[in-house]
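Hi,

Here is the structure I promised to pass on. Have a look, and then read on for what turned up in it.

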Amino acid sequence: MKLTAENNDNQSTMATTEDVFKKLIAHAKEYGFIFPSSDIYDGLGAVYDYGQNGVELKNNIKKYWWDSMVLLHENIVGIDSAIFMHPTIWKASGHVDAFNDPMIDNKDSKKRYRADVLLEEHIQKLEEKISKEVEKAAKRFGDQFDEGMFLQTNPRVLEVREQVASVQNRMNEALKTDNLQALKTLIEDCGIVCPISGTRNWTDVRQFNLMFSTEMGSTAEGAMKVYLRPETAQGIFVNYLNVQKTGRMKIPFGIAQIGKAFRNEIVARQFIFRMREFEQMEMQFFVAPGTELEWYELWKNTRLKWHQALGMGQENYRFHKHEKLAHYANAASDIEFRFPFGFREVEGIHSRTNFDLSQHQEYSGKKIQYFDPEVNQSYVPFVVETSIGVDRMFLSILAHSFTEEKITREDGTTDERVVMRIPPQLAPVKLAVLPLVKKDGLAEKALEIKNQLRFEFNCQYDEKDSIGRRYRRQDAIGTPYCITIDHQTMTDETVTIRYRDTMEQERVQIKDLQAIISDKVSIRGLLQKIVS
Ligand code: GAP
């Protein structure tokens with residue numbers, strides 16, 4: 001039966017972004033992607049576990065990143081450093097003194113907020129006011145409406161735009177100069193109230209260090225305060241000499257690492273967007289002084305290409321250049337993705353100068369230098385870093401893939417489905433093998449096919465419920481291909497293959513299945529796109 005699918009995107013504009021996001025979170029739990037950590041104890045703030053489908057998707061993201069770094073670049077190698085490191089590392093890197101967020105408490109609700117986030121939310125509300133004015137005017141003027149002209153001339157819009165610019169400028173200036181009093185004054189001037197108590201009874205703004213610490217050692221006296229690393233990068237910096245020497249690496253070269261990082265985030269929200277325990281994929285690229293900005297531009301473009309190869313829409317990515325640079329950087333940009341709650345950072349590309357290596361040289365007393373035979377000189381290498389959060393990347397894929405569709409059958413009857421349009425190369429399960437019925441040897445034949453293909457792809461066998469319900473279950477976890485074994489299979493060695501996105505089906509030979517599927521689901525295809 002022919003089915004046509006209509007994406008519910010437009011209809012869902014009536015539902016708020018928040019509603020859609022809530023549905024996505026519920027779907028992620030129901031289908032084994034993400035569970036709240038310690039769920040049976042009612043969860044733990046901003047900590048999550050990955051379920052049976054989530055871990056597959058996560059592993060595929062990591063493999064795509066790792067292969068794009070280590071397989072595609074002869075001069076990039078990987079490491080896996082420990083989470084615990086010598087505490088002086090965090091003093092040298094500046095994290096003990098400067099890895100802070102400005103926080104403010106409401107005296108009535110006793111709730112704590114990030115001062116900059118309160119201001120960003122205020123700006124967002126002002127921007128929503130502008131959108132509402134546009135919407136109203138579009139309704140009033142119909143086809144005659146010229147949005148560009150309206151935005152440039154409408155007095156109400158101009159007034160709100162001026163407010164946005166003023167708040168943004170004052171906030172940037174206060175953050176740049178670490179002026180905490182100016183941040184508090186701005187919050188008061190904007191009339192921001194606590195969402196819980198509804199009052200403006202604020203404390204002063206204070207700095208709050210984001211690192212978790214614990215004690216290492218068996219006795220209280222002998223114990224040493226150690227930190228759970230807030231970034232994986234320092235594990236690479238302190239192994240620079242080890243890798244450069246043992247790998248006989250020549251500059252320019254890179255070291256890649258995937259691993260957990262921990263931050264005691266004050267505002268931990270938006271599901272897995274901002275977590276307290278998360279995973280990073282970082283690559284430090286060591287270059288000659290003076291060449292770093294060229295490499296920085298190159299890595300910005302290379303990384304954007306990596307994202308865009310996934311086919312989630314070029315228009316959903318943009319660069320955001322940092323105005324306020326971290327203490328170690330001389331240039332920095334984010335790659336932002338359009339999440340349901342707006343464009344937000346998924347990855348940072350930072351030109352970190354020689355700050356970290358110089359600091360470790362000074363604090364450790366070990367010479368960290370590279371003798372460059374090209375210029376016959378020794379120097380502390382400069383570093384360009386690419387740093388992406390696995391979980392944030394995961395969320396971008398989940399959010400982009402989640403689609404509610406209305407289906408109209410040929411006979412006019414309708415149905416609905418939720419389909420996860422996950423890029424096939426990253427999908428948790430690549431292929432579902434489904435016998436039409438259990439009897440007449442169909443189940444055995446299906447298992448035989450699955451057992452052949454399981455060496456190539458993650459395959460699932462399912463014989464429960466009607467075939468329609470089984471298709472829906474696979475759509476809901478994003479399986480790109482379902483093959484159905486029917487009575488004809490038993491006579492001519494053919495099966496039907498159903499495509500997730502179009503729901504179209506065609507009859508193919510069993511012997512061709514591997515070639516048809518592997519072409520579409522292999523990470524090799526993505527890697528080839530990056531280098532083309
Ligand atoms: N070594 C540089 C560094 O850590 P960052 O911008 O603080 O830079 C890099 O973090 C990436 O790590 C971000 O782009 C984001 O994807 C991810 N990330 C940072 N904090 C996170 C958090 N609390 N939860 C989830 N992902 C986070």
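To start: which strands does helix H5 lie across, and at about what angle does H5 run to E6? Helix H5 (residues 115-141) lies across E5 and E6, at about 70 degrees to E6. A note before going on: this is a predicted model, where local features need pLDDT of at least 70, side-chain atom pairs count only at pLDDT 80 or more, and totals for chains, interfaces and linings use all residues. Residues are numbered from 1 along each chain as its sequence is written, and side-chain values use heavy atoms, leaving out hydrogens and water.

On terms: helices (H or I, at least four residues) and strands (E, at least two) are DSSP runs numbered from the N terminus. Two strands pair if DSSP finds at least two bridges between them. Axes are lines fitted to C-alpha atoms, for helices over the stretch in contact (heavy atoms within 4.5 Å), and angles run from 0 to 180 degrees between N-to-C directions.

The sheet under H5 first. Its three strands form an open, antiparallel sheet in the order E6-E5-E7. E6 (112-114) and E7 (206-209) each have a single partner strand, so one side of each has no neighbour in the sheet. Four bridges pair E5 (residues 100-105) with E7, and Asp101 has Phe208 of E7 as its bridge partner.

Then there's an open, mixed sheet of five strands, E21-E20-E22-E23-E24. Its neighbouring strands are turned by 30 degrees against each other on average, direction ignored. E20 (residues 431-435) runs parallel to E21 over three bridges, with Ala432 opposite Gln460.

Cheers
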